[in-house]
Each structure stands twice: as C-alpha cells, then as structure tokens.
Amino acid sequence: MTNLVELRQITKSFGHARALDGLDLKISAGEVHGLLGPNGAGKSTTIRVLLGMLRADSGTARVLGHDPWTAAPEVRGRLAYVPGDVSLWPNLTGGEVIDLLARMHGGEDRARRDALIERFELDPTKRSRTYSKGNRQKVGLVSALSVTAELLILDEPTAGLDPLMEEVFKQCVHEARDEGSTVLLSSHILSEVEQLCDRVSIVRAGKVVDTGTLAELRGHATTVVTATLTRLPTGLDTLAGIEEIAVDGHRVELTTTRFDEVMSRLASFGIEALTVAPPTLEDLFLHYYDQTGTAKSRAGATA
Amino acid sequence: MNTLTGTRPMLGLTLRRERLHGSAWYVLSGLLLVVIAAGIIATYPTAADREALAESVNASAGELFMIGPVSSTDVGGVGLWRMLGIAAIFVSLASVLTVVRNTRAPEESGTSELLGSAAIGRAAPLAATLGVTAAGSLTAGIVASVGFLGIGASAGGSVLVGAQVTSFGLLAAALAALTGQIVQTARAATGIAVAVVAAFFLLRGAGDAIGGNAYWMSPFGWIAAVRPFAHNNAWMLLPVLGLTIALAAVAVWIASRRDLGAGLLPERVGPAHANAALRGPTSLALRTSRGAVIGWAAGALVVGLMIGGVSSTVDEQIDLALGTGAGSGAGLVQVALYLSPLFAAILGIQTTLRLRGEVTSGRAEAVLSRPVARTSWLLAYAITGALAALAVLFAFGLGIGVAQLGTDPGSFGVLAVAGALRAPAAWVFIALTTLLLATIPRAATAIAFIVLGAFQALEFTVEFRLVPPEALYASPFALVPQLPDGEPHPWQTILLILIAAALAAVATRSIRHQDIH
C-alpha cells in the first residue's frame, strides 16, 4: 500500500513553545486513520503542516506525493478539510459559503450538496452569524463532503454536533471510505475513534508515541486480571510481568501484559473465580498519558 | 430584578477592561488638542498675527467649512479655533469605539452570555459603559482645560473649552449606545455611529459657511456656539446635554426590553445558493467588503455634493496653507480634493487589513485548504482595497461635479474624474499595507496607520511652518494630479503607480514564506 501522507521527524516551534517535536506519521491509501490526543498535543499543528499553512522547522512532509509547503495549490484540490472550529463569513448564508468553497475546490456537485444539506438538516438560507456552533460545523462538513477528494482531513469535526448528527457524520465517513477516500480523523473522543478508525496514532507533546491498529495498541497496554484463589497466594509480587498487584486474602487483583507466567502461577494456588478485562481505548489513552506510564486500575469499572 | 441591577460590578469590570485602551484614547486625545493649540499659537505669536489670521479665516468659506470661525483673537481663542474640530473627531471616536467595544461587541461574540447567569440586569452593562465613557470624556475635558490654562488662556474660557470637549464625548457615547441597541453587529453599530458623527461634523461646517443661525443644523454647531473666550455662552451646552440624555435614555429603554443578541431590526434570511459571480478569493473579498465600500462611497458623494454646493453658493477663496506650496492651488474644492486620498487611503488600508481578520478568525483556513494560491488570496484583498479607494474618490469627485453643474457645467468632466485620478496616492499606502501583511502580519495594522499618520503630520508641520512647503513633494498626496486647478503631474502619478506595483510584487513573493496562523 502506498502512503498518502508521510511525515518524518517533523519539528515546529512557535517562539519558545515546541508544538511538534520529531513527529512521524504514515497514512496508507484507503484507511481511516485516527489521530488521538488531548488538547495541545499537536494534532492541529500537524494538520496545518499537512495543509501547507505552516512550514515545518525540520523534517520531511509528503502529502499525496508532494511537499505540502511548496506544492502547487492544485494538490489541495485532491483533499478536503474540516477544521474543529469552523468560522464563516458572517454576512454570507450557509448555502453561499458551501457553494463558494465548492467552486474554489474546482467543481460543484449540486445533487450531492443538496443531499448532504438534507441529511445534516441544515438551513442554508440563514446568515452565518446566526448559526450555532453545531450548525457552523455542519456547513464545514457539507462543504468538505460534497466535493470529491482522495484525502479527507477532519480536525475534531464533531465538536458541537448533537448525537443524531454524529451518527450521520459516521455514516458519511464510512461512505467516503467505501468510495475509496483516505481519511485522517483527529479527535479526543475515544468512542468516535474506536468506531471509525482502522489505525490510530497517539500523539503526546508533539510526538507520535504509538501507532497501529486498535488490536495492536491494546497489546501494548496492560490487562486487569481479578482472581479468587482457593489457597492463600505467596510470592506473587516477585513474579516478572506484573505491573500492579493488590492481594486481599484469597482475592488478587493485578495488571499484566504477560499471561503465561501469571496464569500458571495463579493456577498453582487453585482458581475459584476469574475475570480478565481487556484494555479499553480509555485505558490506552491513560496508559500513554499517565505521567508514570502505568495503567490505572479499573477494578471499580469492571465489577 | 431591576434591569439596572448589577451596574456597580459591571462598572468595575468595564473600568478594568478599559484601564489601558480607553484611558489612552481619552487622555491622548486631550493632550493632542493641547499640542495642536500650542502649535497654532506658536505659529501666530503676536496679537497682530492672530488678528490677521482671524480676518482671513472669517472671510473664507473654505476655512469656515473645514475648521470654523475665529471668534476671539486672544491665545485661547485661536488655539480653540484650530483644535475644536479635531476634538469633535477624536473624542467622539474614543466614545463610539469604547461604547461599542463594551456593549454590542461582547454580545455578538457571546461573552455577554457568561454574565447572563449572574445577577446582572439587562441594561446594566450599557449603564456601566455609559458611566465609564462619561468619566473618560470628563478626563479628556480636564486635560484640555488644564492644557489651555498652561498655554496662557483665561481661566473661565479654559473651563468652557473642557466642557465642550467633554460634551463631544458624552454625545457620541449616547449615540453609539443607541446604535448598539438597534443593530446586531458591532461593525454596523460603529459604522452608523461614526457616519452620524461625520454628518454632524459636515453640517457644522455647512452651518458655519452659511453663517447666521445656520449653526443650529448640527449639535456640533451648538457645542461650537459656546464660543469660549468670546461670548462664553455656557447655556448652549444645555440642548447638547438634553439630546445626550434623550439618546442614552432611549438606548437604556431598548436594552431593558430586548432579547440578548437581538436588535430592533430583525435578521433576514438570504439566498440558499451563491450567485454565480461568487467563486474565488477576489469575489469573496469584494463581497464581504461591499457594504463598507458602498457606505463610504455614498458618504463621499454626499460630502462632495455639500462641498460643491457650499463652494459655489459662497464664492469665496480659501487661504489654507495646506498643500498650497505643492501647487494644489486655492479654493475649498481644491483643498477638499487634496485631502480626499487621505480618507480613501484609510478605507483602502482597512479593507486590505481584513486579510488579517481572516487569519485570526480562522476563515483563512477554509480558503487556503482549497486549491487557492496564497498570492491570489493576498492580492484579492489588495485589489479590493485599491478598488474601494477608487470608488470613494470617484464618488467624491462626482458629487462635487454634480453640485457645480448649475454654476459651472463646463468643468463637470474634469471634476468628475478629479477624485478618481488621485487614487494612486491611496494605492501606495494600500500596497505598503499588503507588504506588511505578507511580512509582519501582527504589526501590519499599527505600522500602516503610523506611516499614514506620519504623512498627515507632515502636512501639519508645513502648516505650522516648521518645514518649508517643498517638503510636501515627498508626500504621495501632493504628487497625484492636482486637477482642476493645479498641476496634472503625469510622470509623478506613473511613478506612484510603479511604486505601488513594486511593493505589491515584493508582497506576493514574501507571502510564500509566511506561516498562516
């Protein structure tokens, strides 16, 4: 598979603040790629580098085979973008903005536009200044989705949308992928990423700290094992592969990534009851963002 | 809950927000007035000088229109004569901007909603803002009074000068309070209030040029009619105060009754589809600037009609030192035309600077993530600025020409283009603004207006005879065709166009290296 987006060791500073600090990102053709991270991690800066609005201080960037900073504007005709906070020209109506942006993109598809306006239940005759945040977001989504694009870049696109509209958005992303588009979805909404993305890159402090399919990422995070044993356990805390452990009489709760050793040792004490909870995306997130780097116990959540 | 509940905490908040911005406007305006008064007194140091000045001014319709009559030839009288019109503009602007910044602007941006949950009455923010602008206006008045005492004017007259300055600030604040209640956007509220201030200013000029009781045409005429150092008619401030209170009361009454975010004028729906002409960055820039340009052009047409009308009915000659050295010739029409590119440049610079607003609001992202070259995006605003300046200048010249059709139909053709031909002077400043936007965008607004102000200051130094009149040859305003009576300056005009083109060309190269954020 070819990489539609390839960032290598990108750095970008604003004054003394380092927004990107050696960021690597690869997005293959046809995938929905999630960019996951909290506010200020560098997601939007990454996207602005991809769009050619910011010039990387160092590193190489390739988008659709071109350097986004020097590429001819035509390259941007092959992608579509929705910012996280869509600002519009206050005197123009939503319909006018959608048409204008489609014409700038290089082609209008009236039928597709009207269908999207209907699906998102947008009133295109209202002046932009009277739109709520969610409605402005809809204008941005309709503008981006109504044109044909090989690469769809979405920066926290559902901020302000109600749950029904979020569903419509998810359908649209699936349809875009089925039509062969590649999607980059930046988000801090874990369920959205979980439902939509084939692969995920986790961004922290201007770096991608891990990337892969959700299954692969889960493999890196610890699983919580809770067991009630027939005999009182001994020597468990010296066992390699256990990250956190709490022993309360016959009851043991531990977190681990190495099941073979842990399970055979637990079995030697006789297992009466056992629950194994795989890490959720929240755990992954906490795993990467916890200052100490260890997963938090979720005993309360799984009980 | 009373609609004025919470005015006191709002007063604290408004004072805190305005402690730098607002106080700088008012205090510096007051100081500027004193400096101008001191400047003119230094230029005409003896009583004989001032009497000669008064005689020539009071006989000239042009001077009467632009500045007003000299009613007393003592130090205070001449200082007041030169600065009162400037006071009307600066102190009024300070009040208009401060009021809109603290009433309609936060309402439009949504910050007012934060206060909606607090125990704050609907009219409290407005009442607090009026309190703060009143204090600011009073400060400007005190600065002016103390300054006049300092330059040797009589005590009673100096106090009245301060009262006049304060009256401008109070009246404009009440006016902006009302426009801010009627329309829904801060831009429109400021625009309408400034337009009314401009109308007051021009009507005052017309009233003084006509003479007699015509000063009643404008509230600014009422303020001027106090005539400190001569008649000392303090009671003329009463109608001004009455009008101010009436405007403010209506504003507070509306504020107490309307919904948050609403205006008196309802929001209309618009077209669901864009006009076929709206298709790229230039058409977008033209479309978003359209309202302001039409407003300015209509204003310029009216001013042109007025100046043309006044100068043809009162067939007097103007004797302003302004620009005469550079061959602009004499006459109200000539001086007004000489000054017109300055105002066109202000509109042009403002229009071009919208590009910065596009970036800070995030709208630039929507355009630049499409296949739009940065250079065409940048030039879209430069071209719109240049066209805006041209439109205003054309409207102004046309107004003068139409007004003089009755008395001087033969010169209609020349007058109709005399404004438009001066556009290259404004274009130089627009091109400079474009270059600033492409290189140091954050400082562009400040530097563009400082440079424009520096050339305006050059005019003042010539007027105060600090530098020889030939210095004006360095000013773009003096290098454009000085029609109908002055030099046509063909080569100089071509040179200005080339300078503007060169600045724009450098700007298009520089924008390629700028981060957009």
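In the predicted model, helix α1 of chain A, formed by residues 43-50, lies across strands β1, β2 and β4 of the same chain and runs at about 65 degrees to β2(A). The three strands beneath this description belong to an open sheet of chain A with the order β2-β1-β4, in which the pairing is antiparallel. Strands β2 (17-28) and β4 (58-63) of chain A stand at the edges of the sheet, and because each has a single partner strand, one side of each is left without a neighbour there. From one strand to the next, the twist averages 20 degrees.

The pairing of β1(A), which covers residues 3-14, with β2(A) is antiparallel and extends over nine bridges. Within this pair, A:Val5 stands opposite A:Ile27 of β2(A), and A:Asn3 is placed opposite A:Ser28 of β2(A). The two strands form a hairpin with two residues between them, and in this hairpin A:Gly15 adopts a positive phi near 65 degrees. A positive phi also occurs in strand β1 of chain A itself, where A:Gln9 is located; the value is near 50 degrees, in a residue other than glycine. A:Gln9 counts as partly exposed, because 14 C-beta neighbours lie inside 10 Å, a number that falls between the limits of 12 or fewer for exposed residues and 20 or more for buried ones.

Another non-glycine residue with a positive phi, of about 50 degrees, is A:Leu64, which is situated in the loop between β4 and β5 (79-82) of chain A. A:Leu64 has 20 C-beta neighbours inside 10 Å and therefore counts as buried, since 20 or more such atoms are required for that class.

Taken over its whole length, chain A contains ten helices and 13 strands, and 44% of its 303 residues count as buried. The C-alpha atoms of chain A fill a box of roughly 75 × 40 × 35 Å along the principal axes. Of the contacts in chain A that link residues at least 6 apart in sequence, 68% join residues at least 24 apart. The domain assignment divides chain A into domain 1 (3-211) and domain 2 (222-278), and the centres of these two domains of chain A, taken over C-alpha atoms, are separated by 44 Å. In the UniProt record, an unreviewed entry, the feature "domain: ABC transporter" is placed at residues 5-230 of chain A. The span of residues 5-230 of chain A is 32% helix and 30% strand, and its end C-alpha atoms lie 55 Å apart.

Between the two chains, 32 residues of chain A are in contact with 28 residues of chain B. On the side of chain A that touches chain B, helix α2 of chain A (residues 94-105) gives the most, with eight residues. By class, this side of chain A comprises 13 nonpolar, nine polar and ten charged residues.

Chain B is likewise assigned domains, namely domain 1 (7-257) and domain 2 (281-512), and a distance of 27 Å separates the centres of domain 1 and domain 2 of chain B, taken over C-alpha atoms. Helix α12 of chain B, which spans residues 237-257, includes B:Val250. B:Val250 is partly exposed, with 15 other C-beta atoms within 10 Å, a count that lies between the limits set for exposed and buried residues. The C-alpha atom of B:Val250 is separated by 47 Å from that of B:Pro45, a residue 205 positions away along the chain. Elsewhere in chain B, the peptide bond that joins B:Leu483 and B:Pro484 is cis, with omega about 10 degrees; B:Pro484 is found in the loop between α20 (476-479) and α21 (490-510) of chain B.

Notes: Residues are numbered from 1 along each chain as its sequence is written. Chains are lettered from A and ligands numbered from 1 in the order in which they are written. This is a predicted model: local features need pLDDT of at least 70, side-chain atom pairs count only at pLDDT 80 or more; totals for chains, interfaces and linings use all residues. Two residues are in contact if their C-beta atoms, placed from the backbone, lie within 7 Å. Helices (H or I, at least four residues) and strands (E, at least two) are DSSP runs, numbered from the N terminus. Ala, Val, Leu, Ile, Met, Phe, Trp, Tyr, Cys and Pro count as nonpolar, Asp, Glu, Lys and Arg as charged, and the others, Gly among them, as polar. Two strands pair if DSSP finds at least two bridges between them. Axes are lines fitted to C-alpha atoms, for helices over the stretch in contact, and angles run from 0 to 180 degrees between N-to-C directions. UniProt positions are given in the numbering used here, feature names are shortened, and annotations may be inferred rather than shown by experiment. Domain bounds come from an automatic or database domain assignment.
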